[in-house]
Amino acid sequence: TRINGLLRLERGAATSLAGTAASDLATARRGGIRDAALSLAVLVLVAALALALRRSITGPLREVSAGARTLSSGDLDFDVSYTGRDEIGDVAAAFRDLRVTVGRLAGEIRATTTAISENRLDHRADVAAFEGTWAQLLTGLNETTAAFARQHGGRQRAERELAGLFNLSLDLLCIAGTDGYLKRVNPAFEE
């Protein structure tokens, strides 16, 4: 009887222990599945955020890069539309400033070229509106224009002196071309 009591106690304990173990195992499995699902959800969320962050960076960078390539090819019509308040927005704003500066510089060069073609050799580019290398570039352009004006003035003086000498000379003077025809004769030659 005592042994039977002990056997019943052992069977009851074993049954109770088996039930508790099965319950603990089921709880552990549910917890593992829940933890795995939660980890997977976090991983998907992190991947989605990383993809969104990547696109928010690469899109504006692509636009600024395309603008830089377009500007370096000489096309000033491209504009970067990105205006974020981050570092890429700062780069985009600097690019827009550069495009405006290059446009102003090109305008100064065009104005100087037009003035030279119209024989307005006293025209000078506005160097004070620019800084650094841009100002140095326009200073060089102004110095070239001034040198051209000096050479042109010297040529005009020489032509006036030649005309005076040619017209006042009592000797017969003429200028013949390489084709054998007379290009110019002085008044004494015509008399």
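Asn-119 is partly exposed in this predicted model, with a relative accessible area of 47%, where buried means under 20% relative accessible area, exposed over 50%, and partly exposed in between (1.4 Å probe, protein chains only). The residue lies in the loop between H2 and H3, and helices here are DSSP runs of H or I with at least four residues, strands being runs of E with at least two, numbered from the N terminus. Asn-119 comes just after H2 and takes a positive phi of about 65° although it is not a glycine. Most residues other than glycine have a negative phi.

A few words on the conventions may help here. Residues are numbered from 1 along each chain as its sequence is written, and side-chain values use heavy atoms, with hydrogens and water left out. Since the model is predicted, local features need pLDDT of at least 70 and side-chain atom pairs count only at pLDDT 80 or more, while totals for chains, interfaces and linings use all residues.

Stepping back to the whole chain, the protein has four helices and two strands, and from the N terminus on these elements follow the order α-α-α-β-β-α. The radius of gyration is 45 Å, well over the 16 Å that the globule rule gives for 191 residues, so the protein is more spread out than a compact globule. For this comparison the radius is taken over C-alpha atoms, and the globule rule is 2.2 Å times the number of residues to the power 0.38. Along the principal axes, the C-alpha atoms fill a box of roughly 165 × 40 × 20 Å. Buried residues account for 16% of the 191 residues. The accessible surface comes to about 14,200 Å², with 61% of it belonging to carbon and sulfur atoms; these areas come from the Shrake-Rupley method with a 1.4 Å probe, and for residues only the protein chains shown count as cover.

Helix H2 spans residues 87-117. Its 31 residues reach 45 Å from the first C-alpha to the last, close to the 45 Å expected at 1.5 Å a residue, the expected span being 1.5 Å times one less than the number of residues. Among the buried residues of H2 are Ile-88, Phe-95, Val-102 and Leu-105. Helix H1 (2-72) and helix H3 (132-168) are included in what covers them. Thr-101, which has its place in helix H2, is also buried, with a relative accessible area of 17%. Leaving aside neighbours within four places in sequence, Thr-101 is in contact with Phe-130 and Trp-134, contact meaning heavy atoms within 4.5 Å.

Turning to helix H3, its 37 residues should span 54 Å at 1.5 Å a residue, and the end C-alpha atoms are indeed 54 Å apart. The buried residues of H3 include Ala-135, Leu-138, Asn-142 and Phe-166.

Gly-67 offers a view from helix H1. At 0% relative accessibility, Gly-67 counts as buried. Not counting residues up to four places away in sequence, Gly-67 touches Phe-78 and Phe-95, and Phe-95 is itself one of the buried residues of H2. Gly-67 and Asp-79 are twelve residues apart in sequence, and their C-alpha atoms are 6.7 Å apart in space. Across the protein, 30% of the contacts between residues at least 6 apart in sequence join residues at least 24 apart.
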